[in-house]
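Please find below a colleague's note on the structure shown here. The points are numbered for ease of reply.

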Amino acid sequence: MRRLERSSGSSARSRRSPHSFLPLSWLGLACGMACGSGGVAKPAAVPSKRTPGAAKPAAISGATAERVRQVWEAAAGGYGRAVAVSRRHGRVAYASKTHVALYDLGTGKLLGEARPCTEVVHTGLAFVGAKLHLVCTDQLVSYAADRLAPVAPPAIDKETVTAAAFAGARLALGHHDGVVRVYDLEQGKTTEVPVPGPPIDVKSLALSADGKRLAVAWVQGSVWWWELSAPDQFHKLVRQEAESDALAFDPSGQLLAEEGARHTTSLWRLTEATAPYAKLQGGEWTKQILFSPDAKWLVRGGSDGLHLAEIGGSRRVALDARGKVEDVAIDENFATLAVAEREGRLSVWAVR
């Protein structure tokens, strides 16, 4: 990891040279096995489950950003589409376009693989309760969270799925008929949200942590948001020239980050009079955005790899620029990051 240069401007950036990466021996990595798409590098030990009296893992924040290190990585294979991590279960799940794999969080050991469908939806993977849910374009597939054993999935609409977003036990799916459906996976309830205009595929989605707000980006650049208590009343946010590949609410649901303007992540305060809040410079494209618990930092993954960025400040921490990131997930304590790259590499990061 290398800290980016500080400056008075929030757009100050620097890139590492090809020779600036830390040696794998420093990270305590050694090849543990070679098994095709499931090859795993031996990681430094990280407790996969808390024991009585164990210290709570440090959350990733402004106070710890410069101490985030790679714990382990694996050649998971395929074209990375989605990733999920759970400290509660001690598991990391990775999905390519056609397969899903389960790893032990503490050791990086491959625990199982499956090929449930022909097309996995981007960001469509999450641990919910005792299950791991995987979103495919034609179905929702569910497994036991700890061993990748198939279990009965919740019912979803038969329309083709184009986008997915999880928030706790809620799952928002963009369907090909122009309707976003928000499924409560525990209570079995569904809220239908008709997106304005003719049926056009949804590009990306976000749900607030409390499940009360939904944000939608269409393939032609428009971004809207809803109070789910009033699914027929939409709020138009912005129309960008390019598609917005990533949307994210802050923990309060009051701020929305979207990536549509070129090389820029825009933050908006969602009030009666929606207002711009901040702009952060980024790479050519961003595929996933996560807020820190205090909403002062962003985790972003995209064309220039994985990095942390201070909102409203100049601090930037470049974690890894070796590959193009398709998805980033965070555990329940915001202490562990799991990263899926386009070229099939899976990596896990934590405060050290």
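1. The accessible surface of the protein amounts to about 14,700 Å². Carbon and sulfur atoms account for 50% of that surface. These values refer to a predicted model.

2. As to burial, the protein has 352 residues, and 57% of them are buried.

3. In secondary structure, the protein contains 31 strands and zero helices. Of the contacts between residues at least 6 apart in sequence, 47% join residues that are at least 24 apart.

4. Two backbone positions deserve comment, beginning with Leu-148. This residue is not a glycine, yet its phi is positive, at about 60 degrees. Leu-148 is located in the loop that runs between β11 (139-144) and β12 (150-151). Is Leu-148 buried or exposed? Its relative accessibility is 10%, and buried means under 20%, so Leu-148 counts as buried.

5. The other position is Ala-295. Here too a residue other than glycine has a positive phi, with a value near 60 degrees. Which strands flank the loop that holds Ala-295? They are β25 (286-291) and β26 (297-302). The relative accessibility of Ala-295 is 16%; because this falls under the 20% cut-off, Ala-295 counts as buried.

6. Taken together, Leu-148 has a positive phi and lies in a loop between strands, and Ala-295 has a positive phi and also lies in a loop between strands. Leu-148 counts as buried at 10% relative accessibility, and Ala-295 counts as buried at 16%.

Note on methods. Residues numbered from 1 in each chain as written. Predicted model: local features only at pLDDT ≥ 70, side-chain atom pairs only at ≥ 80, totals over all residues. Heavy atoms only, no water. Helix = DSSP H or I, 4+ residues; strand = E, 2+ residues; numbered from the N terminus. Buried < 20%, exposed > 50% of the residue type's maximum accessible area, 1.4 Å probe, protein only. Contact = heavy atoms within 4.5 Å. Areas by Shrake-Rupley, 256 points an atom, 1.4 Å probe, with all protein chains shown as cover.
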